[in-house]
Amino acid sequence: MRTLKRCNFCTSLLYTPSPLRLGMAKGANDVILRDRLQFDIDAIGDTPLVYGRIDLSDYVSIVENKGLAIKEIRFQLRRTSASGVGIWPNIMNDLTPSGLSGTIYDARLKIFATTTAYELPEDVGIASPNVLCVFEKQSTAVADVAPGAFLAINTYEHMFGTPDLHPEGYDVVTDLLIGISLDACKNLQLVDTTAELDVMLIAEPKKITQKDLTQMLTQAQDL
């Protein structure tokens with residue numbers, strides 16, 4: 001399993017529900033966990049599937065019947081170069097196409113949270129065992145007749161899975177894995193760079209019962 005580089009950055013804090021955020025029933029014992037992971041993008045805009053591990057050892061232990069109910073997961077992609085204030089480009093393609101008119105260029109990115117390490121990103125979906133959520137982003141461009149120009153550009157992104165898992169959450173008793181893979185993201189702001197993925201979890205520590213463990217085992221054997 002290839003792993004992401006870990007930034008020296010990880011915090012947790014107690015979450016206090018805000019009266020301005022209605023419709024999301026957050027408990028007084030919820031904690032916010034943050035981590036920052038680094039990954040390399042090669043010269044052709046690829047990152048073969050790599051994983052970062054979110055250390056939850058302060059909250060989970062099967063021996064001590066300690067678990068964590070994960071209620072929300074948020075991702076933020078970041079560039080590390082000084083230009084562009086770190087914002088990830090919406091169009092991930094090379095903006096100077098060299099192909100014939102009508103040539104289609106696709107750039108794809110996939111991020112997911114799981115407690116099981118999958119070998120291939122194409123095997124991961126929201127119905128895959130132990131997968132909490134999947135984020136996909138794609139930009140497609142069609143070369144124009146004029147050299148180095150595009151006829152059309154389309155971008156798409158979506159977070160698959162329940163936007164939030166309130167109020168009970170998704171029980172885990174192990175560390176959480178964050179997988180990321182890029183394919184043909186040839187935008188010059190991305191190729192040959194080290195990028196970052198910020199992850200925020202909102203979760204609640206809980207006591208794990210035998211019923212909870214049985215339910216987790218059943219979910220892991222789905223499909």
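Strands, taken here as DSSP runs of E with at least two residues, are numbered from the N terminus. The model is predicted, so local features are restricted to pLDDT of at least 70 and side-chain atom pairs to pLDDT 80 or more, while totals for chains, interfaces and linings use all residues. Residue numbers start from 1 along each chain as its sequence is written, and side-chain values use heavy atoms, leaving out hydrogens and water.

Two loop residues carry a positive phi without being glycine. A184, in the loop between β9 (176-183) and β10 (193-207), has a phi of about 60°. A184 is buried (under 20% relative accessible area, 1.4 Å probe, protein chains only), with a value of 18%. N130, whose phi is about 65°, lies in the loop between β5 (104-114) and β6 (131-143); N130 is also buried, at 13% relative accessibility.

A further loop, between β1 (5-14) and β2 (31-41), holds D30. The relative accessible area of D30 is 0%. Its side chain forms a polar contact of 2.9 Å with that of K71; such a contact pairs N or O atoms within 3.5 Å, one able to donate a hydrogen and the other to accept it, and residues adjacent in sequence count only if both atoms are side-chain atoms.

The largest nonpolar core, a set of buried Ala, Val, Leu, Ile, Met, Phe, Trp, Tyr and Cys residues joined through side-chain atoms within 4.5 Å, has 37 residues. F39, I73, F75, W88, L176 and I178 have the most contacts inside it. Among the elements giving two or more residues to this core are β2, β5, β6, β9 and β10. Apart from it lies another core, of eight residues, including L49 and Y118.

Definitions and conventions
Helix = DSSP H or I, 4+ residues; strand = E, 2+ residues; numbered from the N terminus. Buried < 20%, exposed > 50% of the residue type's maximum accessible area, 1.4 Å probe, protein only.
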